[in-house]
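Some labels used for a structure are worth checking before they are accepted. The exchange below takes a few of them in turn.

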Amino acid sequence: MGKKMTSFRGLCLIMLALVLVLSACSGQKNGGSSNTPNDGAAAGTDGKEQNSELKPYELNVAYLNIGTATDMPEVQAAVNAITKEKINATVKFMPIDLGAWQQQINLMLAGNEKLDLLVTGSGLNFGTQAAKGQLVPLEDLLEKYGQDIKKIVEPDVLKAASSSGSIFGVPSVRDWAADYGVLMRKDLVDKYNIDLSTVKTFDDLDAVFEIIKKNEPEMAAIIPEAASVAVVTSLVPGLIDPLNDDNGVLPGLDNDLKVVNWFETEQYASLLTMVRRWYDAGFIPKDISTNQTASEQLVKAGKAFAFMAHMKPGYENKTSLLTGTEMVAVRILPPVATTSSISNIMFSIAKNSSDPERAMMFLNLLYSDAELVNLIDYGIEGKHYEVKGEVIGFPSGVDANTATYNPNFGWMWGNQFLSHVWEGDDPKVWELQDAFNKAATKSKAMGFSFTVDPVKTEAAAIQNVKDQFKIGLENGTLDPVKYLPEFIEKLKAAGMDKVIAEKQKQLDEWAAANK
Amino acid sequence: MNTVAAKTTAKEEAGIKSGRKLGFKKKLSNSLRYWPLLVMVIPGVVYLFINNYLPMFGLIIAFKDVNFTKGILASDWIGFKNFEYLFKTSDALLITRNTLLYNSIFILLNTTIAIAVAIMLNEVKKKFFSRFYQSVVLIPYLISMVIVGYLVLAMLSGETGFINKQLLPMLGIEAISWYSEPKYWPIILTIVNIWKNVGYLCVIYLAAIIGIDPEYYEAATIDGASKWQQVRAITVPLIAPVVTIMTLLQIGRIFYSDFGLFYQVPLNTGALLSTTNVIDTYVYRALMNLGDIGMSSAAGLYQSVVGFVLVILSNYVVSKRNRDNALF
Amino acid sequence: MVNGKQKLFQIGLHVVFSAIVLMCLLPFVLLIMTSFTDETMILREGYSFFPSKFSLDAYAFLWNDKENIFRAYFTTIMVTLVGTFAGLSISSLLSYPMARKEMPMRKALAFFVFFTLLFNGGLVPTYFIYTQVFELKNTMMALIIPGLLTNGFFVLIMRTFFMNSIPVPIIESASIDGAGEFKIFFKIVLPLSLPILATIGLMQTIGYWNDWFNGLIYITDSKLFSLQNLLNRILLNAQFIQSNASSMNMSDISAGAKIPMETIRMAMAVIGVVPLLCAYPFFQKYFVKGLVIGAVKG
């Protein structure tokens, strides 16, 4: 029985890890005292001089193990040839499985195991790690050894990786913003002559769904973005800055930095009314709250016509592959970027590192050395991939099932825009993405991260209240007329006002310091 | 049979009394005499010391605001602050009530049903069938709760579920929206729990029944006792010690609950929380985004202490009635 | 007359057990059928005992990973065998003396064992000790050692069995005949306790077979993955590809789109459970009534 208990604890943790990786919200916590990096090598020395002074060092790098990487030893050797020459260091890659990530990283950071660099993120407990003193503050290191990073990652963006005023991570260069809307089956849109240009707001969708409901009674007109997410949930980040955990938010990503209770706003109430209307009209399946199947699969099986989505350029093409039918995107909310969307995936230096300077030098290479980035992202040219004009692809005779190095984790490693483009994507995808990032509305509180520590008792209770009501309300299965007031009342009882006051206090301090 | 038991108890009591009277020297020589027994326990004791007692210094984490730069020992003491979230909310009463009620029902029903099934299994004469039944009752225990959650969904799903689609129409009852009605879940969860765990308990009780000396039954049969009388007079009293120990152990974990059962099986449905939220799921939800090791050890310590107090009490009651059946 | 009554009683038993068998077996049959169903059918019609379209896709998908799966089977079998044997040895050695009235400090010892059932220091300190003091990380020992006694649960059950099923006079008479404690334990007590040993052995086997938690925290080297760890990893990776299309390359999304998510979960449960079911009869051999007792007494 003792054993059983342990496994269920374990199960919680695996679930936790999964949820955290797939979602992107987390509490930020107070940064304690820090590990000051050694003020070793003098600033301003160029690469070569550094190299002659540097002793050999092995960097242990922990990252999320995704996809196939059977040939990692070979790739590692090739990477080491580069790093040996440039920073006299070798790199030991430590892949950690998605399901084991949270556990193993926490345990490694709690002890003194060898670990120099690790992937962190707002959904991977970055806030807690920074607050508990497990990460090294990076300002000085960035100044001395991270100039290439600073060139690419603007100060605004870099600030998103801060906690209590210090920077603890470097975001990878990828999609920093998202726009919000609906993906629909193109064949049906064409078949029923639906004019999508008339759809400007979410409320305009009723007419579209009505047509589908009438003609395809077996099909749900609209479903959420993913299983265990609600219909409304995935469009909310386009309307507000959740300030890490949506207990106290900035509507319109501005609101003059006045934190309000999102669930009490008119806007939230009207969203709930809308989704309830959809539910009552039969656009949303009755048993949506217990759905366990990915939305793309439901579309593929002919059970659904459209689903909510947060998107980036070219998103519909990739999704079409999963749904097996062409999808058309209706983009309703323009792209926005917040602290959370940027600090999603970063690299941080662990307090375990005995040479944080070298770790930063390697990190700097990930933002400047295209050869290194391509090597890590795609493997060895000629063996794992072939250049095919502007893009790259598998060498002949290799496919996704037989590939020996095909990890798909470019979004993790430094500057993804330095890497090749895989065939099937727009050859200009990085430029498009860059432009998209730059065009995004930035939250006025960009760079602020909430430290939940002073109100963690309340935050714990609030989470239970949210679990009880949020999905039901945001899927329309609960009537907002009856349950929204109850939800608000229980949130208050759990201490929502205290959390908001604390958040406002921290935000004011942050604003004063960042004038 | 009763006389046999009485005799042994009398003998033991005499032994214990004389043991108490022994002086230190005698005690020492007693220890020396049974040195082989002491040697036997060494591997187990050493193992438990390393595996369980050494890490117990970690219990202090529950009272600390851990900062790894300082190290666990040097981190600040914060008293009971890590415990606050367990009691401060309006849900505190609900989750405690749910946890206690579910576990009490589970202990009662699982034990009764497992004993009944074990006794019946023991009566099956044909060896092949007996073994077949034994294997089958254990199957549910081998399936993970995540999968059980899916199977329950296959039964109860609103649109495609077996019960709504096949069973209720046959009985002329309208479809029920199972996942939005909290009132059904105490029954559903109890059934799932019995289904999954009775086999496990059953195997243990069966082993106890098999251990009973067949001579008792032979004698009883000669005296013309019926099956039912034999069960009541021989089987049940003789497996009572095992039942007692199993129950005591379950009482010790009465504040813990099977996370998979309460989280996976209702598919984390918010509408069902009033009857499915227990301490473990509450803590899981509370800490999902916080990831605070101080608060999670606080929850564990709270559950352990309550369980500990309850076991000490029940053990005291048991030892009043029969010293041998007590845990310690 | 008596015989007729007996027969009726037996028939009654079989009727009751038929019902129990149906209850236990039907969900399992549903599980197996689902693993052989075409995925689209499940999405359209839900789970069914008689799917309208069969498919081996789930097993074919797992077959892609056959090398890893066979290696993981080997790891799990080794760990289960060694762990069960070692765990059974240690727990019987620890529980037997606690069952003996003559044992000094037996109640204290029982408390010492019981205490571990309720209180534990949590994961972080345990991990410290196993990785930094004993350096077990990424060794097969890390899959075996933490589960040896399952916190003393089995020890306490075994102690109760020893107290109740081993007649004290047998031990006393053996002792008078000059047999030492070890001889008594190995030659008399253990053979008398086969049903208990088989029960606890079965529980330990199930525990080791289904354990994935130790693998989760102590193993990063994929060559040492146990079956459960490997299956979890395959499932999570497949889910990741399907839910994070935007971060995958086109070739992989196309491959990922073909993964039958609904059915591989069930296929995994099948390949995880079936070997255990095959092992069960081995343990049942020892569930024999009244073994040796008569012989010793006679």
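The questions that follow concern a predicted model and set its values against the terms used for them.

Q: What makes the packing of α4(C) and α5(C) oblique?
A: Helix α4 (residues 66-99) of chain C and helix α5 (residues 106-118) of chain C pack at an angle of about 140°, and their axes are 9 Å apart. Angles over 145 degrees count as roughly antiparallel and those from 65 to 115 as roughly perpendicular, while the rest, outside the parallel range under 35, are oblique. The pair α4(C) and α5(C) is therefore oblique.

Q: Which hand does the crossing of α4(C) and α5(C) have?
A: The crossing in which α4(C) passes α5(C) is left-handed.

Q: Which residues meet where α4(C) packs on α5(C), and of what class are they?
A: From α4(C) come Leu94(C), Met98(C) and Ala99(C), and they meet Arg106(C), Leu109(C), Ala110(C) and Val113(C) of α5(C). By class this contact holds six nonpolar residues, no polar ones and one charged. Arg counts as charged, so the charged residue is Arg106(C).

Q: How do the axes of α9 and α11 of chain B lie?
A: Helix α9 (residues 185-210) of chain B and helix α11 (residues 227-252) of chain B cross at roughly 145°, and their axes come within 9 Å. The crossing of α9(B) past α11(B) is right-handed.

Q: What classes of residue make up the contact of α9(B) with α11(B)?
A: On the α9(B) side are Leu201(B), Ile204(B), Tyr205(B), Ala208(B) and Ile209(B), which meet residues of α11(B) including Ile239(B), Val242(B) and Met246(B). The contact divides into nine nonpolar, two polar and no charged residues. Thr235(B) and Gln250(B) are in this contact, and neither Thr nor Gln is listed as nonpolar or charged, so both count as polar.

Q: How does the radius of gyration of chain B stand against that of a compact globule?
A: Chain B has 25 Å, whereas a compact globule of 328 residues would have a value near 20 Å. The C-alpha trace of chain B spans about 65 × 65 × 30 Å along its principal axes.

Q: Which element of chain B has the lowest mean pLDDT, and why should it be read with care?
A: Helix α1 (residues 2-21) of chain B has the lowest mean pLDDT, 43, and helix α5 (residues 91-123) of chain B the highest, 94. Over residues 1-21 of chain B the pLDDT is below 50, and this stretch has five contacts beyond near neighbours in sequence. Where pLDDT is low, predicted coordinates should not be read in detail.

Definitions and conventions: Residues numbered from 1 in each chain as written. Chains lettered and ligands numbered in written order. Predicted model: local features only at pLDDT ≥ 70, side-chain atom pairs only at ≥ 80, totals over all residues. Heavy atoms only, no water. Axes fitted to C-alpha atoms, helices over the stretch in contact; angles between N-to-C directions. Helix = DSSP H or I, 4+ residues; strand = E, 2+ residues; numbered from the N terminus. Left-handed = near helix turned anticlockwise from the far one by under 90°. Contact = heavy atoms within 4.5 Å. Rg over C-alpha atoms; globule rule 2.2 N^0.38 Å. pLDDT = per-residue confidence, 0-100.
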